[in-house]
Amino acid sequence: DWGYTDDNGPSTWAEKYPLAAGARQSPVDIDTSKATSDNSLVDREIDWSYPSNCSYRIVNTGYGWRVDTYGDDTALSGGPLSEVYKLEQFHCHWGATNDEGSEHTVDGKSYAAELHLVHWNSEKYSSFKEAASQPDGLAVLGVFMEIGNADNAELEKIISLIPKIIHKGQDSQASFDLDFGSLLPESKHYWTYLGSLTTPPCNECVIWTVFKEPITISERQLEVFRSLKSVGEEDAIEPEEGKLVKNYRPPLPLGNRVLRECGP
Ligand SMILES: Nc1nnc(SCC(=O)Nc2ccc(S(N)(=O)=O)cc2)s1
Ligand SMILES: [Zn+2]
């Protein structure tokens, strides 16, 4: 199966997942000199509403952790979006060392990690799966994460559950009040472009919005991410083996896509 090691990593994905070789792939390097500040976006602020207290399921997908949100009373609209999108799940990508880990880069700079909030167009489509096969089906918010001295208190609620899902396939149900607002940066300055899922099947179904301002996470918190395993409990391997120390796809060419910028 696909993964992030030398023998099953991003450079091999197109063999089994032909979409991975498409012209609208993600992530990309955000070349700020190419970004056009588009007036059609300026008066369309990105607007989100997320519940404060909800029950969530965190799962080890084998490629990282993912929190399923059953996004009933969630809504994302505005900015580049023409319809209202619902939050389906959120997850993160990181690297083995702090100088890599984000999927998008900014003028070639990588951040230590990148948070993805995955929404689907529930106004036009009847399911996430259906939306994931449409060019305007998904809207993903990308938030860069850099190492800071302090723990990120909201992320800590998720990180405290990771020891329960060390192995692939494990999940944990928890109801905690998550303030999504604090998982997003203060500034709403963002770049947006048309792209894809950054993991197989790499469907070209995502309207990407990447915030310019990073949030901070502590080194200890990032180490907890790296303690996840990509193999199941039954795979008897050495304790140090199978650790998910990196799960990011390097940038693909922007090609002739338009990169728009909006915000102060
Ligand atoms: N044929 C298909 N199988 N599975 C899908 S969608 C499953 C899923 O949620 N995939 C997914 C993959 C990557 C991302 S990401 N990293 O945010 O681009 C978000 C979501 S479409
Ligand atoms: Zn992602």
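Which residue in strand 15 does Trp191 stand opposite? The answer is Glu261, and the first close-up picks up from there. Keep in mind that everything shown here comes from a predicted model.

**View 1. Strand 12 between its pairing partners.** Strand 12 covers residues 190-195. It pairs with strand 15 (residues 260-262) through three bridges, and the two run antiparallel; this is where Trp191 stands opposite Glu261. Strand 12 also pairs with strand 13 (residues 206-211), again in the antiparallel sense, this time over six bridges. For a handy landmark in that second pairing, look for Gly195, whose bridge partner in strand 13 is Val206. Five of the six residues of strand 12 are buried, so the strand is largely enclosed by the rest of the structure.

**View 2. The zinc ion (ligand 2) and its histidines.** Three side chains coordinate the zinc ion at 2.0 Å: His91 and His93 each use NE2, while His116 uses ND1. Along the sequence, the donor residues follow the spacing H-x1-H-x22-H. His91 and His93 are both buried. Why is the arrangement called tetrahedral? There are four donor atoms around the zinc ion, and the angles they subtend run from 101 to 116 degrees, which makes the arrangement tetrahedral. For reference, the ideal angle for four tetrahedral donors is 109.5 degrees.

**View 3. Ligand 1 and its surroundings.** Here 16 residues surround ligand 1, and the closest are His91, His93, Lys129, Thr198 and Thr199. Two of the zinc-coordinating histidines, His91 and His93, therefore turn up in this view as well, going by that list of closest residues. A few polar distances are worth picking out. A polar side-chain atom of His93 sits 3.2 Å from a nitrogen atom of ligand 1. On the Gln89 side, an N or O atom of the side chain is 3.5 Å from an oxygen atom of the ligand. The side chain of His116 has an N or O atom 3.4 Å from a nitrogen atom of ligand 1. On its own, ligand 1 has 510 Å² of accessible area, and the protein covers 77% of that.

**View 4. Asn60 and two backbone oxygens.** Asn60 belongs to strand 4, which spans residues 53-60. Is Asn60 buried or exposed? With a relative accessible area of 1%, Asn60 is buried. Its side chain reaches the backbone oxygen of Ile165 at 2.9 Å. The Asn60 side chain also reaches the backbone oxygen of His167, here at 3.5 Å.

Definitions and conventions
Residues numbered from 1 in each chain as written. Chains lettered and ligands numbered in written order. Predicted model: local features only at pLDDT ≥ 70, side-chain atom pairs only at ≥ 80, totals over all residues. Heavy atoms only, no water. Buried < 20%, exposed > 50% of the residue type's maximum accessible area, 1.4 Å probe, protein only. Helix = DSSP H or I, 4+ residues; strand = E, 2+ residues; numbered from the N terminus. Pairing = 2+ DSSP bridges. Donors = N, O, S within 2.8 Å, 3.2 Å for Na, K, Ca; no water. Tetrahedral: all angles 85-135°; square planar, octahedral: opposite > 155°, others 65-115°. Near = heavy atom within 4 Å. Polar contact = N/O pair within 3.5 Å; in protein donor to acceptor, adjacent residues only side chain to side chain. Areas by Shrake-Rupley, 256 points an atom, 1.4 Å probe, with all protein chains shown as cover.
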